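Please consider the structure shown below, together with its sequence. The paragraphs that follow lead through a selection of its local features.

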Amino acid sequence: MPARAFVFMEDEHMPADKGYVTMEDGVRLFFERAGSGEKNLLILNGFYLFDDFRYLADDRTIIALDLRNRGRSDYVADLSKMKRGVEQDAEDIEAVRRHLKISSLDMLGHSYAGLIPILYAMKYPAHVRRVVQIGSMSPNQSTQYPARLTNVDDVLTNFFANAARLQAERESLSPLEFCERFWTLLRPIYVFNPDHVDRLLHWQGCHLHTELNLMAYWMQVLLPSIQKLNFTSENLAKVSAPVLVV
C-alpha cells in the first residue's frame, strides 16, 4: 500500500532542524537533520547513529529518521499500525521523502534496518542514489550459509546464551533494568575490539518508551516480517543504486 496523506508537525519549542512527520494512520515519526549540502543522506534509527555520522554534514544534508515505534517516534500500542513491519518502514520512508521534497537519497541502515533501504530501493529505485548496509541481517532468513560466512563466533554464541538467561529472568526485572542489561549484553557484538565496547554507551535508548518495549515489538512484529521476506534475483535487479555492505 503506497504512502498517502501525511502532515508535518513541529512543536513550538522544537528547533527547526527537528520535527515530526505524521503518517496517514496518525503515527508520528521523528527526524532531525544537519548540514545543507545538495546530497541527502538518510540514516535509519538516527536516535543512536546520528551523532556518529554527524561529521558527514560538512558537505551534505544528513537526515536521521527514527523508524516506526523506535527511538523518539511515537510509541505504538495498536498492532494494526505495525503489522507490516519492515515493509511498512519502507513506505514510511517514502512519505518522509515526499514531505521533505527530496528527489533522491543516499541511505544508511544498521542491523535489521540494513534490509529496509533495499526494500525501499526495489519499490522506488528512482529515488535512491547509494545504499550503505552496516552489519545488516541476511536477506533470506531461511537460507543456510556455510559456517565461514555466518560470523558465528564465541562473542555471538555467548550473547545468545546470556540473552536467553536474561529473558528467563524478565518477570523479576523492571522494564528499565531489563533494557539496560540487554544492551550491556548486546554491545560486544557490534565492536571488533572489546576494549571499545563502552564507545557504544550512547546507543542505549532505555530512557525512551519505545526502546523499553523493543523486545516485544521485535518478537511480535519486526522479526516475523523479516522472516517473510524473499529477496529473489528478479526483485533485486530492480535496485539500480550501488550498495556497500560493511
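In which loop is Lys-101 found? This residue of the predicted model is found in the loop between α2 and β6, the latter spanning residues 105-110. The backbone of Lys-101 deserves attention, since its phi is near 60 degrees, a positive value in a residue other than glycine. Lys-101 has a relative accessible area of 74%, and because the threshold for an exposed residue is over 50%, Lys-101 is classed as exposed.

On the other side of β6, a second residue invites the same kind of inspection. Ser-111 lies in the loop between β6 and α3, a helix that covers 116-123. Ser-111 is not a glycine, yet its phi is positive, at about 60 degrees. Is Ser-111 buried or exposed? Its relative accessible area is 18%, and the limit for a buried residue is under 20%; Ser-111 therefore counts as buried.

Helix α2 itself, which comprises residues 86-100, offers two polar side chains for examination. Gln-88 lies in this helix and has a relative accessibility of 16%, so that it counts as buried. The side chain of Gln-88 is joined to that of Arg-84 by a polar contact of 3.5 Å. Arg-97 also has its place in helix α2. With a relative accessible area of 11%, Arg-97 is buried. Which residues does Arg-97 contact, leaving aside its neighbours within four places in sequence? They are Ile-102, Ser-103, Leu-105, Tyr-120 and His-127.

The charged side chains may be considered next. How many salt bridges does a search of the whole structure find? The search finds 14 of them. One of the pairs consists of Arg-54 and Asp-51, whose side chains meet with an N to O distance of 3.1 Å. The two partners fall into separate accessibility classes: Arg-54, at 38% relative accessibility, counts as partly exposed, whereas Asp-51, at 54%, counts as exposed. The cut-off of over 50% for exposed residues is the reason why these two values receive separate labels.

A further salt bridge is formed between the side chains of Arg-181 and Glu-169, with 3.2 Å from N to O. This pair links distant parts of the chain: Arg-181 belongs to helix α5 (residues 175-186), while Glu-169 is in the loop between α4 (154-168) and α5, and twelve residues separate the two positions. Arg-181 counts as partly exposed at 33% relative accessibility, and Glu-169 likewise counts as partly exposed at 33%. Elsewhere, salt bridges that share partners join Asp-59, Arg-60, Asp-106 and Arg-129 into one network. Within this network, the side chains of Asp-59 and Arg-60 meet in a salt bridge of 3.3 Å, N to O.

The arrangement of α4 and α5 can now be described. Two packed helices are characterised by the angle and the distance between their axes. The axes of α4 and α5 come within 10 Å and cross at roughly 170 degrees. An angle over 145 degrees counts as roughly antiparallel, and α4 and α5 are therefore roughly antiparallel to each other. From α4, the contact is made by Phe-159, Asn-162, Ala-163, Leu-166 and Gln-167; from α5, by Phe-178, Arg-181, Phe-182, Leu-185 and Leu-186. Classified by residue type, the contact of α4 with α5 has seven nonpolar, two polar and one charged residues. Arg-181, already met as the salt-bridge partner of Glu-169, is among the α5 residues that make this contact.

Ahead of α4, the loop between β7 (128-134) and α4 contains Tyr-145. Its relative accessible area of 35% makes Tyr-145 partly exposed. When neighbours within four places in sequence are left aside, Tyr-145 is in contact with Ser-138, Pro-139, Asn-140 and Thr-150.

The final example concerns strand β8, which consists of residues 243-245 and includes Leu-244. What distance separates the C-alpha atoms of Leu-244 and Val-131? The separation is 6.2 Å, although these residues are 113 residues apart along the chain. Leaving aside neighbours within four places in sequence, Leu-244 is in contact with Val-131, Val-132 and Gln-133.

Methods
Residues numbered from 1 in each chain as written. Predicted model: local features only at pLDDT ≥ 70, side-chain atom pairs only at ≥ 80, totals over all residues. Heavy atoms only, no water. Salt bridge = Lys/Arg side-chain N within 4 Å of Asp/Glu carboxyl O. Buried < 20%, exposed > 50% of the residue type's maximum accessible area, 1.4 Å probe, protein only. Helix = DSSP H or I, 4+ residues; strand = E, 2+ residues; numbered from the N terminus. Polar contact = N/O pair within 3.5 Å; in protein donor to acceptor, adjacent residues only side chain to side chain. Axes fitted to C-alpha atoms, helices over the stretch in contact; angles between N-to-C directions. Parallel < 35°, antiparallel > 145°, perpendicular 65-115°, else oblique. Contact = heavy atoms within 4.5 Å. Nonpolar A, V, L, I, M, F, W, Y, C, P; charged D, E, K, R; others polar.
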